Amino acid sequence: MSAGRACIFYAPDLIFIYERSAALKGVQIYIGDGATVTRSLFATRRALIGHSPVRTQLTWCEKEGVPRAIITHCGSEIVTGDEREITVKIRAIAAERDVEVRIACDGMKVKL
């Protein structure tokens, strides 16, 4: 997806990205799944379904040179947890990977 000159990658309900380097090439903002922060959440029925943790997605951003991430589609760990503690935890994970991160909220605007 692109908006003007910005290239955005949006992927909720995601476990894995096939050909990740190609998929994230030139992406400036990754919008990912916040179902869990550090633990994987998946099941195997005829196919693998579920959610990769925020930590894993931020690692993908680091490895593919994506500078910014927005976490949406948040699960109970983020929604019902202490907002300050969760924000600090996610920002620390992002800082280790040199990725700027924000947790999405209703009405949020992003400057591209």
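This passage describes strand pairing, the surroundings of one helical residue and the largest pocket in a predicted model. Local features are reported at pLDDT of at least 70 and side-chain atom pairs at pLDDT 80 or more, whereas totals for chains, interfaces and linings use all residues. Residues are numbered from 1 along each chain as its sequence is written, and side-chain values use heavy atoms, with hydrogens and water left out.

Helices (H or I, at least four residues) and strands (E, at least two) are DSSP runs numbered from the N terminus. Strands count as paired if DSSP finds at least two bridges between them. Strand E3 (residues 29-33) runs parallel to strand E6 (residues 68-72), with five bridges joining them; Asp33 stands opposite Thr72 in E6. E6 is also joined to E7 by four bridges, again in parallel, and Ile70 has Arg102 of E7 as its bridge partner.

Gln57 belongs to helix H2 (residues 54-64). The relative accessible area of Gln57 is 1%, and the residue is therefore buried (under 20%; exposed, over 50%; partly exposed in between; 1.4 Å probe, protein chains only). Beyond its neighbours within four places in sequence, Gln57 is in contact (heavy atoms within 4.5 Å) with Ala11, Tyr30, Gly32, Asp33 and Ser52.

The largest pocket (an open set of points on a 1 Å grid over the protein atoms alone, where a 1.4 Å probe fits, with protein on both sides within 12 Å along at least five of seven lines) holds about 280 Å³ of space. Its lining (residues with an atom within 4 Å of a point) comprises 15 residues. H4 gives the most to this lining, with five residues.

How values were computed: Grid points are joined across faces, edges and corners, and a volume is the space filled by probe spheres set on the points.
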